[in-house]
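Colleague: I am new to this structure and would like a close look at one part of it, the way its helices pack against one another. Please take me through that part slowly, and then follow it to whatever lies beside it.

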Amino acid sequence: MFKVGDHVVYPYHGAGTIQDIEEKDVLGETHSYYILHFPLVDVKLMLPENRIDQSGLRKVIDQQELDVLVEALQNGPETPPSTSHFSRETENLLKSGSIVDAAHLISSLSKKQAERANGLHIQDRNHLQKARQMIASELVLMNDMTEEQAYEFIDGALLELN
């Protein structure tokens, strides 16, 4: 399935690298754990191998999928989330681990920010920042970009909106 050195995306955390696969003895049973490192947020995570399928862990996008990302950033979702349920829907989009969902979220929140004189609510600002960080982390690993270049790529795609 996955191996040491693979670049992967873990929902809500963003992109990281499988640094190791360790065997741990837990309550008399031996279990395998993937040791993931997320460089942009400098976090390490141990993910039990028997939970990989339910976790949403996936490989980072490849070069061919970059156009899909740009399209999602520029066009956003067909139907933006309604304001009253935006927080719950936003959390679900971030937890999906989908780069397209994160891009749609960035597109929707960026449009909302441009339309409002007083900017975004603090929770929306936090969600926007988290979605940007998730995509940037994936761009850094899949495209050998710096963090700054990844954010410039996202902003450049959004600028083409106008």
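Modeller: Helix H2 passes helix H6 in a right-handed crossing, and in this predicted model the two helices, H2 covering residues 66-75 and H6 covering residues 147-159, are a good place to begin. Two packed helices are described by the angle between their axes and the distance between the axes. For H2 and H6 the angle is about 55°, and the axes are 8 Å apart. Since angles from 65 to 115 degrees count as roughly perpendicular and those under 35 as roughly parallel, an angle of about 55° makes H2 oblique to H6.

H6 has a second partner to consider, which is helix H5 (122-143). The axes of H5 and H6 come within 9 Å of each other and cross at roughly 120°, and H5, too, passes H6 in a right-handed crossing. This pair is therefore oblique as well, the angle of roughly 120° lying outside the range of 65 to 115 degrees that counts as roughly perpendicular and not reaching the values over 145 that count as roughly antiparallel.

Between H5 and H6 the chain runs through a loop, and Thr146 is found there. With a relative accessibility of 42%, Thr146 counts as partly exposed, because that label covers what lies between the limit of 20% for buried residues and the limit of 50% for exposed ones. Looking back along the chain from Thr146, one comes after ten residues to Ala136, and the C-alpha atoms of Thr146 and Ala136 are separated by 9.0 Å.

H5 also leads to the one cavity of 30 Å³ or more that the structure holds, a cavity with about 40 Å³ of space in it. Its lining is made up of Val9, Arg58, Gly97, Ser98, Ile99, Ala102, Met134, Ile135 and Glu138. The elements that give two or more residues to this lining are helix H4 (99-115) and H5, and the largest share, three residues, comes from H5. By character, the lining residues divide into five nonpolar, two polar and two charged, with Arg58 and Glu138 being the charged ones.

Of these lining residues, Ile99 deserves a separate look. Ile99 has its place in helix H4, and its relative accessible area of 9% means that it is buried, the limit for that label being 20%. Ile99 and Ile135, another residue of the cavity lining, are 36 residues apart in sequence, while from C-alpha to C-alpha they are 6.4 Å apart in space.

Away from the helices, two loop residues may be set beside this buried one. Leu27 lies in the loop between strand E2 (14-26) and strand E3 (29-38), and Asp42 lies in the loop between E3 and strand E4 (43-48). The phi of Leu27 is near 50°, a positive value in a residue other than glycine, and for Asp42 phi is likewise positive and near 50°. Leu27, at 84% relative accessibility, counts as exposed, and Asp42, with a relative accessible area of 61%, is exposed too, so that each of them carries the opposite label to Ile99, which is buried.

Technical notes. Residues are numbered from 1 along each chain as its sequence is written. This is a predicted model: local features need pLDDT of at least 70, side-chain atom pairs count only at pLDDT 80 or more; totals for chains, interfaces and linings use all residues. Side-chain values use heavy atoms; hydrogens and water are left out. On a 1 Å grid over the protein atoms alone, a cavity is a set of points where a 1.4 Å probe fits but cannot get out, and a pocket is an open set with protein on both sides within 12 Å along at least five of seven lines; lining residues have an atom within 4 Å of a point. Grid points are joined across faces, edges and corners, and a volume is the space filled by probe spheres set on the points. Helices (H or I, at least four residues) and strands (E, at least two) are DSSP runs, numbered from the N terminus. Buried means under 20% relative accessible area, exposed over 50%, partly exposed in between (1.4 Å probe, protein chains only). Axes are lines fitted to C-alpha atoms, for helices over the stretch in contact, and angles run from 0 to 180 degrees between N-to-C directions. A crossing is left-handed if the near helix is turned anticlockwise from the far one by less than a right angle, and right-handed if clockwise.
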